[in-house]
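Reader: Please take a close look at one part of this predicted model, the pockets, and work outward from there to whatever touches on them.

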Amino acid sequence: MKQYAALILAAGKGTRMKSGLCKVLHPVAGRPMISYVMDAVHGAGFQKIVVVVGHQADGVRKAAEARAVEFVVQEPQLGTGHAVLAAKDLFQGFAGDIFILCGDIPLIQPATIREFLDMHEANASRLTVMTALMEDPAGYGRIIRNESGLVERIVEQRDADASELAVKEINTGLYIVDSELLYALLEKISANNSQGEYYLTDIIEGAVRESVSVYAFPLKDAREASGVNTRSDLAGVSNIIWARLREELMNSGVTLLDPASVYVDSDVTIGSDSVIHPGVTLSGRTDIGRDCVIESGVYIMNSKLGDRVTVLQGSRLDRAVVQDDTSVGPMANLRPEARIGKRARIGNFVEVKKTVVGDGTKAAHLTYLGDSIIGKDVNIGCGTITCNYDGQRKHTTTIRDGCFVGSDVQFVAPVEIGAGSLIGAGSTITRDVPPNTLAISRAKQKMYPLRKGQGAKRSDEDRDKGT
């Protein structure tokens, strides 16, 4: 049985991206674009996978974490042919064929790769190139075939004459080549061109000169070979992947009220019968349960929601956990390490950070809960603040089960409120409160009669005196 290996070229910087981040690490629907290429190769069944790295090599290696791949560094970067040559030592003793592709084609599918391999085998080919038909082939190398339909050469646009420019079949940059033939041909190519680089495309003419038949595999969907060279390309392939993901979600039983306005990244999971309103962004490793409702303008990243959770308009969740039957928002902000229990309510303009909120607890509005442990069935009144930072360190506020906290209360941490206690509105709590205790801390109310005719409006003289 024929052996196959995959060789992914990912050493380039991507100068047209005009970015400090190398091209293959730019995110597409929440993941580095090269991760899609690796997934496709793994999905097609390749056991030996080699990645050629160069710019920001450590970042590319990290993007391949948990994948069984080998790496080789191309230094300096002298073109695609030079990149394949850099990997030569890793194929010593390998007697099969090598599938070569670039790390900037995140739309390629495993099924397409398998069809490519099948055609290559059916023709007993030693070199097959993947091609595509494009209505507007501008910028791509053209595939020139002979009378028998075999590939004769690839002509880059800048070198093409009028008849060659009229050809709409283009080179995608994906090849399957017998390993022995590949490296024999690469040893013969030169860098005698304006860029001073070794082009992989030159192996086509080299193979023809040695009477090797070069077959073409035309893609059914040319978009799969779309390379990312610019920010515009990046947006284009991202939109295609988001559209695929939305279709998969709807087919799995998720309702998207306005699919085109919803952005769901590739590592997001959503349970059936959940409803996603327009203008929602779900990113990172986010897991949303069944029968949830996510209203408009919500942004959720790297968070986990249980079943029957409602997130109301304009809320933001970042690395938060929300358990079953809980309501969040509108306009709530759950920051990292917010853990909200079952049947809880986090209302409008409530911010929660590094805080555990117990089952059945309610913070309905205008509240900040930071570095806190809040028990079950607690009522947090409007305007409550946990004062967790003393200017140097963060401190914890603990509120035990069944407490009632009135409006406009400040807890100056570290402080603990015992179970069943009641905190009077307007209090500033600086000391621990025992269980089942009423705690009130207020300045004494004073009242002074107003001068006749003054009413609630102060005169200029009073204002100057500060009265």
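Author: What follows starts with the pockets and then moves to salt bridges, backbone geometry and a surface patch.

The model is a predicted one. Its largest pocket encloses about 1,600 Å³ of space. The lining of this pocket is made up of 43 residues, and those nearest its centre are Arg16, Lys23, Thr80, Asp104 and Asn229. By class, 20 of the lining residues are polar, 15 are nonpolar and 8 are charged. Strand 1 (4-10), helix 3 (80-86) and strand 10 (169-178) each contribute at least two residues to this lining. The largest share comes from strand 10, which gives 5 residues.

Two of the residues nearest the centre of the largest pocket, Lys23 and Asp104, also pair with each other. Their side chains form a salt bridge, with N and O 2.8 Å apart. Lysine 23 sits in the loop between strand 1 and strand 2 (27-28), while aspartate 104 sits in the loop between strand 6 (97-102) and helix 4 (110-122), so the bridge ties together parts that are 81 residues apart in sequence. Both partners are below the cut-off for burial, which is under 20% relative accessible area. Lysine 23 is buried at 13%, and aspartate 104 is buried at 10%.

Strand 10, which gives the largest share of that lining, also takes part in a salt bridge. Glutamate 169 pairs with arginine 145, the closest N and O atoms being 2.7 Å apart. Because glutamate 169 belongs to strand 10 and arginine 145 to strand 8 (residues 142-145), this pair ties together parts that are 24 residues apart in sequence. Glutamate 169 is buried, with a relative accessible area of 11%, whereas arginine 145 is partly exposed at 33%. Elsewhere, Glu152, Arg153 and Glu164 are joined into one network by salt bridges that share partners. In total the structure holds 20 salt bridges.

The second largest pocket has a volume of about 310 Å³. It is lined by 15 residues, and Arg31, Pro32, Ala63, Asp267 and Arg285 are the closest to its centre. Two or more lining residues come from each of strand 3 (31-32), helix 1 and helix 2 (57-63). Helix 2 gives the most, with 3 residues. By class, this lining has 7 charged, 5 polar and 3 nonpolar residues.

Helix 1, one of the elements that line the second largest pocket, spans residues 33-43, and 8 of its 11 residues are buried, so the helix is largely enclosed by the rest of the structure. The buried residues are Met33, Ile34, Ser35, Tyr36, Val37, Met38, Ala40 and Val41. After helix 1 comes glycine 45, which has a positive phi near 100 degrees.

Helix 3, which helps to line the largest pocket, is preceded by a loop that follows strand 5 (70-73) and contains glutamine 77. Proline 76 lies in this loop between strand 5 and helix 3 as well. The peptide bond between glutamate 75 and proline 76 is cis, with omega about -5 degrees. Glutamine 77 has 24% relative accessibility and so counts as partly exposed. Its C-alpha atom is 7.2 Å from that of glycine 54, although the two residues are 23 apart along the chain. Strand 5 also has a salt bridge partner: the side chains of glutamate 70 and lysine 48 meet at 2.8 Å, N to O. This pair links strand 5 with strand 4 (residues 48-53), and its partners are 22 residues apart. Glutamate 70 is partly exposed, at 31% relative accessibility.

Further along the chain there are other backbone features. A second cis peptide bond runs from glycine 329 to proline 330, with omega near 5 degrees. Proline 330 is in the loop between strand 24 (327-328) and strand 25 (333-334). Glutamate 337, in the loop between strand 25 and strand 26 (339-340), has a positive phi of about 70 degrees although it is not a glycine. Leucine 366 is likewise not a glycine, yet its phi is positive at about 50 degrees. This leucine 366 lies in strand 28 (residues 362-374) and is partly exposed at 47% relative accessibility.

Finally, the surface carries a nonpolar patch formed by Phe404, Leu422, Leu438 and Ile440, which together have about 390 Å² of accessible area. Of these, isoleucine 440 is in the loop between strand 37 (438-439) and helix 9 (460-465).

Terms used. Residues numbered from 1 in each chain as written. Predicted model: local features only at pLDDT ≥ 70, side-chain atom pairs only at ≥ 80, totals over all residues. Heavy atoms only, no water. Patch = residues over 30% accessible without salt bridge, like charges linked within 9 Å, V, L, I, M, F, W, Y side chains within 5 Å. Areas by Shrake-Rupley, 256 points an atom, 1.4 Å probe, with all protein chains shown as cover. Salt bridge = Lys/Arg side-chain N within 4 Å of Asp/Glu carboxyl O. Helix = DSSP H or I, 4+ residues; strand = E, 2+ residues; numbered from the N terminus. Buried < 20%, exposed > 50% of the residue type's maximum accessible area, 1.4 Å probe, protein only. 1 Å grid on protein atoms, 1.4 Å probe; cavity = no way out; pocket = protein on both sides within 12 Å on 5 of 7 lines; lining within 4 Å. Points joined across faces, edges and corners; volume = space filled by probe spheres on them. Nonpolar A, V, L, I, M, F, W, Y, C, P; charged D, E, K, R; others polar.
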